[in-house]
Amino acid sequence: MAEGEGSSSRGRPKRAQIRKTEVISYEKSVTQLSREGRQTHLVVDRARKTPLNAHSRSYSTVFDNTSPQYNWLRDGWLVEERRIMLTGRLYRYYYDPLGQVYGTRCEVEQMCAYIDRDKNRKKREIIIID
């Protein structure tokens, strides 16, 4: 094996490098949300005991359908990306306009399909009272 190729000297494969993505602050990510996204953010923050970005040893950013990687989201839906600083692991949490949390994109798409199917029978509305 040529120098610098393959596995380490002990026969174990090299650890994969953690992919580094552009990090923006939580506050900046909130300001980049659409009007509907900001309303959902308020609903989620009011319903939680701790704010979205209050987790120690991690940092969060929030996105909505105005972000290119999440343009498949519907208006008012949010995704929180929470990265653990020690390991670099990325967790995603999806929130609908009512503040309900979903763990995967598949769950979000199933809920959207359900809403489309029952659109004529049932309307979901949000009332925000300040």
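Here are some questions and answers on how the labels for this predicted model are earned.

Q: What makes Glu-81 count as buried?
A: Its relative accessibility is 13%. Buried means under 20%, so Glu-81 gets that label. Glu-81 sits in strand 2.

Q: And why is Glu-27 called exposed?
A: Here the relative accessible area is 53%, and the cut-off for exposed is over 50%, so Glu-27 qualifies. You'll find Glu-27 in helix 1, residues 26-31. Its C-alpha atom is 8.0 Å from that of Thr-61, with the two positions 34 residues apart along the chain.

Q: How do you know that Glu-81 makes a polar contact with the side chain of Tyr-70?
A: The two side chains come to 2.4 Å, and a polar contact needs N or O atoms within 3.5 Å, one able to donate a hydrogen and the other to accept it. The pair is therefore listed as a polar contact. The side chains of Glu-81 and Arg-92 are joined by a polar contact too, at 3.5 Å.

Q: Which residues does Glu-81 touch, not counting those up to four places away in sequence?
A: The list is Tyr-59, Ser-60, Thr-61, Phe-63, Gln-69, Tyr-70, Leu-90, Tyr-91 and Arg-92.

Q: What makes strand 2 largely enclosed by the rest of the structure?
A: Count the buried residues: 6 of the 7 in strand 2 are buried, so the strand is largely enclosed.

Q: How do you know that strand 2 pairs with strand 1?
A: Pairing takes at least two bridges, and strand 1 and strand 2 have 6, in the antiparallel sense. The pairing therefore holds. As an example, Ser-60 has Arg-82 in strand 2 as its bridge partner.

Q: What joins strand 2 to strand 3?
A: Again there are 6 bridges, with the strands running antiparallel. Leu-78 stands opposite Tyr-95 of strand 3. The hairpin of these strands has 5 residues between them, and Gly-88 there takes a positive phi near 85°.

Q: How do you know that strand 3 and strand 4 pair?
A: They share 2 bridges, and at least two are needed, so the pair makes the cut. One bridge links Tyr-95 to Val-101 in strand 4.

Q: Why is one side of strand 1 and of strand 4 left without a neighbour in the sheet?
A: The 4 strands form an open antiparallel sheet in the order 1-2-3-4. Strand 1 (58-63) and strand 4 (101-102) stand at its edges with a single partner strand each, so one side of each has no neighbour in the sheet. Helix 2 (residues 35-47) packs on the sheet, touching strand 1, strand 2 and strand 3, and its direction makes about 60° with that of strand 2.

Q: What makes up the largest nonpolar core?
A: There are 10 residues: Ile-24, Phe-63, Tyr-70, Leu-73, Trp-77, Val-79, Tyr-94, Tyr-102, Val-108 and Cys-112. To be in a core, residues must be buried and joined through side-chain atoms within 4.5 Å. Leaving aside neighbours within four places in sequence, Val-79 has contacts that include Phe-63, Tyr-70, Leu-73 and Tyr-94. A second, separate core of 7 residues includes Tyr-26, Leu-33, Val-44 and Tyr-95.

Q: What is the order of elements along the chain?
A: From the N terminus, the order is α-α-β-β-β-β-α, which gives 3 helices and 4 strands. Of the 130 residues, 28% count as buried.

Notes. Residues are numbered from 1 along each chain as its sequence is written. This is a predicted model: local features need pLDDT of at least 70, side-chain atom pairs count only at pLDDT 80 or more; totals for chains, interfaces and linings use all residues. Side-chain values use heavy atoms; hydrogens and water are left out. Contact means heavy atoms within 4.5 Å. Axes are lines fitted to C-alpha atoms, for helices over the stretch in contact, and angles run from 0 to 180 degrees between N-to-C directions. Buried means under 20% relative accessible area, exposed over 50%, partly exposed in between (1.4 Å probe, protein chains only).
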